[in-house]
Amino acid sequence: MNKKRRQMPIEHRAKRRSSVLRQHKRSVMIICAILVMLTGTLSVNAVGLYHKNEVYKQQEKELKTQIKEEKARSKEVEEYEAYVKTDEYIKSVAEKKLGLVDPSEIIFRAAE
């Protein structure tokens, strides 16, 4: 059996084709609008992230400077700690705070 496709009238085909084209154009326009909105949103967020990145870079520089200062201070404290353990420091403190002197030293006092 040979089935033939029924041919639609030309007017109906033209209407259907224009309807499909309108729907296609509408879909394309909606997709383009969505893409424009996404691009705008990404651009705004990119600017915000760029600003945050600059702030973080500045903070990083400040923290690195603080680290250098604290390392220098730590070195000074370690040197002072080593000095405190010496006999020279102990003698100095004994002379200043306790008024002690070496047995070989002669003390001259001003007359009152």
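The accessible surface of the protein comes to about 11,800 Å². Carbon and sulfur atoms account for 59% of that surface. The model is a predicted one. The protein has 112 residues, of which 1% count as buried. Its secondary structure consists of 2 helices and 0 strands.

Helix α1 covers residues 10-84. A nonpolar patch lies on the surface, formed by Ile30, Ile31, Ile34, Leu35, Met37 and Leu38. Together, these six side chains' residues have about 590 Å² of accessible area. One member of the patch, Ile34, is placed in helix α1. Ile34 has a relative accessible area of 41%. This value falls between the 20% limit for buried and the 50% limit for exposed, so Ile34 counts as partly exposed.

Charged contacts come next. A search of the whole structure finds 2 salt bridges. One of them joins Lys64 and Glu60. The closest N and O atoms of Lys64 and Glu60 are 3.6 Å apart. Both residues belong to helix α1, where they sit 4 residues apart. That spacing amounts to about one helical turn. An α-helix has 3.6 residues a turn, so residues three or four places apart point the same way. Lys64 is partly exposed, at 48% relative accessibility. Glu60 is also partly exposed, with a relative accessible area of 43%.

Another salt bridge brings together the side chains of Lys85 and Glu81. Here the distance from N to O is 3.9 Å, and the cut-off for a salt bridge is 4 Å. Lys85 reaches 63% relative accessibility. Because exposed means over 50%, Lys85 counts as exposed. Glu81 has a relative accessible area of 43% and is partly exposed.

Aromatic contacts were searched for across the whole structure, and 3 aromatic pairs were found. Tyr80 and Tyr83 form a tilted pair. Their ring centres are 6.4 Å apart, and the angle between the planes is 45 degrees. Tyr80 and Tyr83 both lie in helix α1. They are 3 residues apart, about one turn of the helix. Tyr80 has a relative accessible area of 49% and is partly exposed. Tyr83 is partly exposed too, at 32% relative accessibility. Tyr80 also pairs with Tyr89, their ring centres being 6.3 Å apart. The planes of Tyr80 and Tyr89 stand at 75 degrees, so this pair is edge-to-face. An angle over 60 degrees is what that class requires. Tyr89 is partly exposed, with a relative accessible area of 24%. Ring pairs link Tyr80, Tyr83 and Tyr89 into a cluster.

Helix α2 covers residues 87-98. Its 12 residues should span 16 Å at 1.5 Å a residue. The end C-alpha atoms of α2 are 15 Å apart, which agrees with that expected span. Of the 12 residues of α2, the number buried is 1, so the helix lies largely in the open. Gly99 comes just after α2. Gly99 takes a positive phi of about 75 degrees.

Terms used. Residues are numbered from 1 along each chain as its sequence is written. This is a predicted model: local features need pLDDT of at least 70, side-chain atom pairs count only at pLDDT 80 or more; totals for chains, interfaces and linings use all residues. Side-chain values use heavy atoms; hydrogens and water are left out. Rings of Phe, Tyr and Trp (its six-membered ring) pair if their centres lie within 6.5 Å; planes under 30 degrees apart count as stacked, over 60 as edge-to-face and the rest as tilted. Buried means under 20% relative accessible area, exposed over 50%, partly exposed in between (1.4 Å probe, protein chains only). Accessible areas come from the Shrake-Rupley method with a 1.4 Å probe; for residues, only the protein chains shown count as cover. Patches are made of residues with over 30% relative accessible area and no salt bridge: like charges are joined within 9 Å, nonpolar side chains (Val, Leu, Ile, Met, Phe, Trp, Tyr) within 5 Å. The expected span of a helix is 1.5 Å times one less than its number of residues.
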